[in-house]
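Please open the model in your viewer and keep the sequence panel beside it, since the tour moves from the whole chain to its interior and then to one chosen helix.

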Amino acid sequence: MDVTRSTGRRRALLAALPVTALVAAAALVPVAANATTEQAGSARTTAADEYYQDAEGKTGEELKTALHTIISTGATAISYDQVWDALKETDQDPDNTGNVILLYTGRSQSKDSNGGDPDQWNREHVWAKSHGDFGTATGPGTDVHHLRPTDVSVNSTRGSKDFDAGGSEVEEAPGNFTDDDSYEPRDAVKGDVARMILYMDVRYEGEDSFPDLEANDAVNNGSQPLHGRLSVLKQWSEQDPPDAFEKNRNQVIFDKFQHNRNPFIDHPEWVGEIYK
């Protein structure tokens, strides 16, 4: 076989595919049964690079616009009921597959203990759903990229507050702090929170009857489609880069549920490129 000609045909095929199909197309390339973990990781990296090819070389508002198109095109919206099942997979405890890891407490808890009672876990809107008044309707209200399992009462303590540093420690969630107008999550998920807020900023631009969500450098944003504090979120993203759990979560959402990605998990350096 002419290897050069075969490789050329494959590149031509990939170039003709819609950007949202490129990661799936990469899966068609055979992987040796004895491929190492490093090789598998390299294949995933290559596939992600293909996914973002239309953003290459861009910065600032141009980069943000390109990423919006990439992560919106072909994305699948799920119902609020379906979010329960999604979270049981996206936030599964890697050491106990019957449990999920709760965002603010870090506690590993049974997947089946979800509900609305104290010490159960529920669906936390990291971008508070009142900030833009989108509720739990399919769309931003059900986007798993910003929905996480949390302890019911800790979720209530966070409420719809903006994120910022400071306050008094949350008794039920040591390492978390809150005051009248803001909430500070524990160090291990500060970057996660930042990247979820910035994903929502890029993903929802006022199209398809959804609000135009914007990260800003304020608190007390109320029902406006704004969420802060941007300067603090930028610091958190840098201080707490994506870990294996967050990266796996991003992949599961892409593979099994929404078929789109959080670009700031794949490329955390883009935070600084967009939000100067």
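## From the surface inwards

Begin with the surface of the protein chain in this predicted model, which exposes about 12,900 Å², with carbon and sulfur atoms supplying 48% of that area. Switching to a cartoon view, you can trace eleven helices and eleven strands, and if you colour the 276 residues by burial, 47% of them count as buried. Among contacts between residues at least 6 apart in sequence, 63% join residues at least 24 apart.

Next, select Leu67, Phe163, Phe264 and Tyr275, which touch the most other members of the largest nonpolar core, a set of 40 residues. Add α4 (60–72), α7 (190–203), α8 (230–239) and α11 (270–274) to the selection, as each of these helices supplies at least two residues of this core. The largest share comes from α7, which contributes eight residues. A second core, separate from this one, has 14 residues, and you can find it by selecting Ile78, Ala86, Val100 and Val252, which are among its members.

Now move to helix α5, residues 80–90, and ask which of its residues are buried. They are Tyr80, Val83, Trp84, Ala86, Leu87, Lys88 and Thr90, and Ala86 is the residue you have just selected in the second core. In general, an α-helix has 3.6 residues a turn, so residues three or four places apart point the same way.

Finally, keep the buried residues of α5 displayed and show what they pack against: the strands β1 (92–93), β2 (96–101), β4 (121–125) and β5 (147–151), together with the helix α9 (244–257).

Technical notes:
Residues numbered from 1 in each chain as written. Predicted model: local features only at pLDDT ≥ 70, side-chain atom pairs only at ≥ 80, totals over all residues. Heavy atoms only, no water. Helix = DSSP H or I, 4+ residues; strand = E, 2+ residues; numbered from the N terminus. Buried < 20%, exposed > 50% of the residue type's maximum accessible area, 1.4 Å probe, protein only. Contact = heavy atoms within 4.5 Å. Areas by Shrake-Rupley, 256 points an atom, 1.4 Å probe, with all protein chains shown as cover. Core = buried A, V, L, I, M, F, W, Y, C linked by side-chain atoms within 4.5 Å.
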